[in-house]
Amino acid sequence: MRVLLIGANGYIGRFVADRLLADPAVQLTALGRGDDADVRFDLASGSPGALTRFLDAVHPGVVVNCAGATRGGARELTRHNTVAVATVCEALRRSGCGARLVQIGCSAEYGPSQPGSSTAEDAVPRPGGPYGVSKLAATELVLGSGLDAVVLRVFSPAGPGTPAGSPLGRLAEAMRRAMQSSDGELKLGGLGAQRDFVDVRDVARAVHAASLSAAQGVINIGSGRAVRLRDAAAVLARVAGYGGALHELDGPPAALRPAIGHPRPDPDHAPPVAYPYPDGCGSWQQADVRTARDRLGWRPRIGLEESLADIWMEAACRI
């Protein structure tokens with residue numbers, strides 16, 4: 001099976017590449033903006049016609065799109081998350097390869113949900129920020145393209161390679177600094193949010209399964225269990241061997257608190273305004289993952305403690 005992987009150097013894309021390369025039946029080609037891609041191509045500025053010619057030459061059976069942007073203004077997010085997907089869809093429509101498309105979506109497309117509830121694929125999306133809007137627009141483009149396509153809505157990925165600027169990454173970095181300076185207490189803000197964490201290696205397994213399946217539409221990829229960030233912090237302290245006290249900062253409303261792991265503010269300067277969990281999804285998200293089980297034969301295998309242990313291992317080795 002020939003697979004074209006777009007965004008192989010991204011957080012999720014790296015693990016998808018490893019998973020696909022481990023399958024001897026897969027012949028993998030990586031397309032991206034970096035020098036180490038097999039083929040260099042910028043989806044946000046490249047033409048559908050140029051991509052069509054490449055598809056006709058390589059003739060993949062599956063195209064997996066892990067590319068996109070998680071940060072930036074609305075214009076940049078739209079270019080990399082929406083315009084880029086429009087280019088992929090148009091190129092596939094023009095091409096004679098007939099490839100299946102596996103698109104990586106995200107839970108930010110749903111927006112806030114009712115605490116205690118599990119969000120199923122038929123929930124009405126109400127994204128709470130420009131990132132979620134740009135990803136939802138991409139999903140709608142894929143679903144309306146007429147292609148053989150599936151969108152995997154990934155909830156909160158965790159595990160090795162977790163970006164240092166993400167909530168769990170910032171949490172690990174704050175703990176590393178506290179241990180390095182022998183600080184007996186760690187003050188953190190924004191620990192009330194509850195998210196559905198799923199290990200990035202399990203996400204890669206889901207992509208592999210979706211590539212081989214005939215499933216179409218939207219499929220949630222998550223653990224099926226929401227975890228409060230303060231509980232994740234306690235688990236991280238245990239795996240890190242941090243014996244100090246964890247204190248949650250009181251003060252202004254969540255939207256005005258310093259981000260997780262932000263250094264203690266200088267009393268002469270006001271703390272920066274930052275959302276503790278800046279995904280526009282409010283205080284709660286939990287996936288209903290029955291569709292992934294029924295249509296992909298997929299279940300998460302790696303627990304949050306193992307994911308956090310791998311995050312800590314990388315943070316502890318950081319100089």
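The following conversation goes through the sheets, cysteines, cavity and some single residues of a predicted model.

User: Let us start with the main sheet. What is the strand order in the open sheet of 7 strands?

Analyst: The order is β3-β2-β1-β4-β5-β6-β10, and the pairing is parallel. At the edges stand β3 (39–40) and β10 (217–221), each of which pairs on one side only.

User: How many bridges join β5 to β6?

Analyst: Strand β5 (residues 100–106) is joined to β6 by 6 bridges, and the two run parallel. One position to look at is Gly105, whose bridge partner in β6 is Arg153.

User: And is β6 itself mostly covered or mostly open?

Analyst: Strand β6, residues 149–154, is mostly covered, as 6 of its 6 residues are buried. Ala149, Val151 and Arg153 point one way from the strand, while Val150, Leu152 and Val154 point the other way. The residues of both groups are all buried, and Arg153 is thus one of the buried residues as well as the partner of Gly105.

User: What joins β4 to β5?

Analyst: There are 4 bridges between strand β4 (residues 62–65) and β5, which run parallel. Within this pairing, Val63 has Leu101 of β5 as its bridge partner.

User: Moving along the sheet, how do β1 and β2 pair?

Analyst: Strand β1 (residues 2–6) pairs with β2 in the parallel sense, over 5 bridges. Ile6 has Leu31 as its bridge partner in β2.

User: Why is β2 described as largely enclosed?

Analyst: Strand β2 covers residues 27–32, and 5 of its 6 residues are buried, so the rest of the structure largely encloses it.

User: Now the other sheet. Which strands make up the open sheet of 3 strands?

Analyst: That sheet has the order β7-β9-β11, with mixed pairing. Its edges are β7 (156–158) and β11 (226–228); each has a single partner strand, so one side of each is left without a neighbour in the sheet. On average, neighbouring strands of this sheet are turned by 55° against each other, with direction ignored.

User: What is the sense of the pairing between β9 and β11?

Analyst: Strand β9 (residues 194–199) and β11 run antiparallel and are joined by 3 bridges. Arg195 stands opposite Val227 in β11.

User: A change of topic: how many disulfides are there?

Analyst: The count comes to 0 disulfides.

User: Why do Cys89 and Cys97 not form one?

Analyst: The closest cysteine sulfur to that of Cys89 is in Cys97, 12 Å away, which is too far for a bond. A disulfide would need the two sulfur atoms within 2.5 Å. From the other side, Cys97 likewise has its closest cysteine sulfur in Cys89, at 12 Å.

User: Are these cysteines buried or exposed?

Analyst: Cys89 is buried, with a relative accessible area of 2%. Cys97 is buried too, and its relative accessible area is 11%.

User: What about internal space: how many cavities of 30 Å³ or more are there?

Analyst: The count is 1 cavity of 30 Å³ or more. The largest cavity has a volume of about 40 Å³.

User: Which residues line the largest cavity?

Analyst: The lining consists of Thr162, Gly169, Ala172, Ile311, Glu314, Ala315 and Arg318. These residues divide into 3 nonpolar, 2 polar and 2 charged.

User: Which helices supply that lining?

Analyst: At least two residues each come from α5 (167–180) and α9 (304–316). Helix α9 gives the most, with 3 residues.

User: Staying with α5, is Leu171 buried or exposed?

Analyst: Leu171, which lies in helix α5, is buried, with a relative accessible area of 0%. Leu171 and Leu21 are 150 residues apart in sequence, and their C-alpha atoms are 32 Å apart in space.

User: One last topic, the backbone. What is phi of His59, and where is that residue?

Analyst: Phi of His59 is near 55°, a positive value in a residue other than glycine. His59 is placed in the loop between α2 (48–58) and β4. With 42% relative accessibility, His59 counts as partly exposed.

User: And what is phi of Ser182?

Analyst: Phi of Ser182 is near 55°, again a positive value in a residue other than glycine. Ser182 lies in the loop between α5 and β8 (185–188). Ser182 counts as exposed, at 66% relative accessibility.

Technical notes
Residues are numbered from 1 along each chain as its sequence is written. This is a predicted model: local features need pLDDT of at least 70, side-chain atom pairs count only at pLDDT 80 or more; totals for chains, interfaces and linings use all residues. Side-chain values use heavy atoms; hydrogens and water are left out. Buried means under 20% relative accessible area, exposed over 50%, partly exposed in between (1.4 Å probe, protein chains only). On a 1 Å grid over the protein atoms alone, a cavity is a set of points where a 1.4 Å probe fits but cannot get out, and a pocket is an open set with protein on both sides within 12 Å along at least five of seven lines; lining residues have an atom within 4 Å of a point. Grid points are joined across faces, edges and corners, and a volume is the space filled by probe spheres set on the points. Ala, Val, Leu, Ile, Met, Phe, Trp, Tyr, Cys and Pro count as nonpolar, Asp, Glu, Lys and Arg as charged, and the others, Gly among them, as polar. Two strands pair if DSSP finds at least two bridges between them. Axes are lines fitted to C-alpha atoms, for helices over the stretch in contact, and angles run from 0 to 180 degrees between N-to-C directions.
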